[in-house]
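Here are some notes to read alongside the model, written for someone coming to it fresh. Keep the viewer open and follow the points in order.

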Amino acid sequence: MTWFRTWNGAVVLLLIGCVVSGGCGDWGSGNRSANESAAITTLHYITVAQEEFRAAGEVDQDGDGKGEYGLLGEIVGMQKMRGSGDLAKRVYLSEKWWDELEGGTVRSKGYLFKVYLPAGEGEGLEEEEGKVPAGVGSEAVDLQEAYYVCYAWPERLGETGTRAFAAIEVAPFWATKMEGRGYEGFEWVPDTGAMYKGEAFVSEPGGSDGNTWSVPTY
Ligand SMILES: [Ca+2]
């Protein structure tokens, strides 16, 4: 009985510690691996959401009947969309797969997620400070019908995760151990073209940020 009381007491203390620290889901070596697995899962559902969002034609800035990919605030139904200024007709990324939206960046289990869309000439369109940017030129809109990139990186490098990930409009996912440049929280955020060898969106993945981006073996 003493052992059970002690063991149970330890559990209670652990739970109190979790409440005080704001959660137990994002630290510890075991959780780093769990966080990375969860990040891959969330990235997967973001790719599904992107295809459904585009197919539904929620954003069609040039009115050609071909939908454009979305920014995360638009996809989760919390930000007015480019072009129409309406909210999406439905939520495309269930709250099962993310916790919080902050200035266009989604937070989930020790990782941050951000989508860039083509703005033309390799530049990225992003949502900043809770505002979805206004429309861009027609050439960029055409590119937004075809390309996007979504990065996932740890909130605290080495604590909540050791790898960064990227999803683009075609499989597979890409990952880096950040051997050349670390990404962490809102301070060190991947640039639009980080995972591409050359011009963002239209060149081969592989990395131009000092890191090696490759297809992970998990
Ligand atoms: Ca269109």
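Two residues are in contact here if their C-beta atoms, placed from the backbone, lie within 7 Å. That matters from the start, as Ala-166 is in contact with Val-149, Cys-150, Tyr-151, Phe-173, Trp-174, Met-195 and Trp-213, leaving aside its neighbours within four places in sequence.

1. **What you are looking at.** This is a predicted model, so a word on confidence comes before anything else. The chain averages a pLDDT of 86, and 83% of the residues score at least 70. The part to treat with care is residues 1-26, where pLDDT stays under 50. For that stretch the model has ten contacts beyond four places in sequence.

2. **The overall layout.** You should find four helices and seven strands in the chain. Going along the sequence, they come in the pattern α-α-α-β-β-β-β-α-β-β-β. Of the 218 residues in the chain, 39% are buried. Among contacts with a separation of 6 or more, 56% are between residues 24 or more positions apart.

3. **The nonpolar core.** Which residues have the most contacts inside the largest nonpolar core? They are Cys-150, Ala-152 and Ala-166, in a core of 48 residues. Helices H2 (29-55) and H3 (72-75) each supply at least two residues of this core, and so does each of the strands E3 (111-120), E5 (149-154), E6 and E7. E3 gives the largest share, seven residues.

4. **Helix H2.** This helix has 27 residues and reaches 40 Å from its first C-alpha to its last, close to the 39 Å expected at 1.5 Å a residue. Its buried residues include Arg-32, Asn-35, Glu-36, Ala-39, Leu-43, Ile-46, Gln-50 and Phe-53. When you look at how these are spaced, keep in mind that an α-helix has 3.6 residues a turn, so residues three or four places apart point the same way. The buried residues of H2 pack against H3, strand E2 (105-108), E3, E5 and E6. Just after the helix, Gly-57 takes a positive phi of about 65 degrees.

5. **Strand E5.** Why is E5 described as largely enclosed by the rest of the structure? Because six of its six residues are buried. Both faces are covered: Val-149, Tyr-151 and Trp-153 are buried on one side, and Cys-150, Ala-152 and Pro-154 are buried on the other.

6. **Partners of E5.** E3 and E5 pair in the antiparallel sense over six bridges, and Leu-112 stands opposite Trp-153 in E5. E5 also pairs with E6 in the antiparallel sense, over four bridges. In that second pairing, Tyr-151 stands opposite Ala-166 in E6. Ala-166 is the residue we opened with, and Tyr-151 is one of its contacts.

7. **A cis proline.** Please check the peptide bond from Ala-171 to Pro-172, which is cis, with omega near 0 degrees. Pro-172 sits in the loop between strand E6 (164-168) and strand E7 (174-176).

8. **Two positive phi values away from glycine.** Met-178 is in the segment after E7, and its phi is near 60 degrees, a positive value in a residue other than glycine. Phe-201 also lies in the segment after E7, and has a positive phi of about 80 degrees although it is not a glycine. Are these two residues buried or exposed? Met-178 counts as buried because 24 other C-beta atoms lie within 10 Å. Phe-201 has 22 C-beta neighbours inside 10 Å, so it is buried too. The cut-off behind both calls is 20 or more.

9. **Lys-197.** Also in the segment after E7 is Lys-197. Lys-197 is exposed, because it has 12 other C-beta atoms within 10 Å, and a residue with 12 or fewer is called exposed. Not counting residues up to four places away in sequence, Lys-197 touches Ser-203, Glu-204, Gly-206, Gly-207 and Ser-208. The C-alpha atoms of Lys-197 and Trp-213 are separated by 9.2 Å, with the two residues 16 apart along the chain. Trp-213 is also one of the contacts of Ala-166, which is a good place to finish the tour.

How values were computed: Residues numbered from 1 in each chain as written. Predicted model: local features only at pLDDT ≥ 70, side-chain atom pairs only at ≥ 80, totals over all residues. Core = buried A, V, L, I, M, F, W, Y, C linked by C-beta atoms within 7 Å. pLDDT = per-residue confidence, 0-100. Expected span 1.5 Å × (residues − 1). Pairing = 2+ DSSP bridges.
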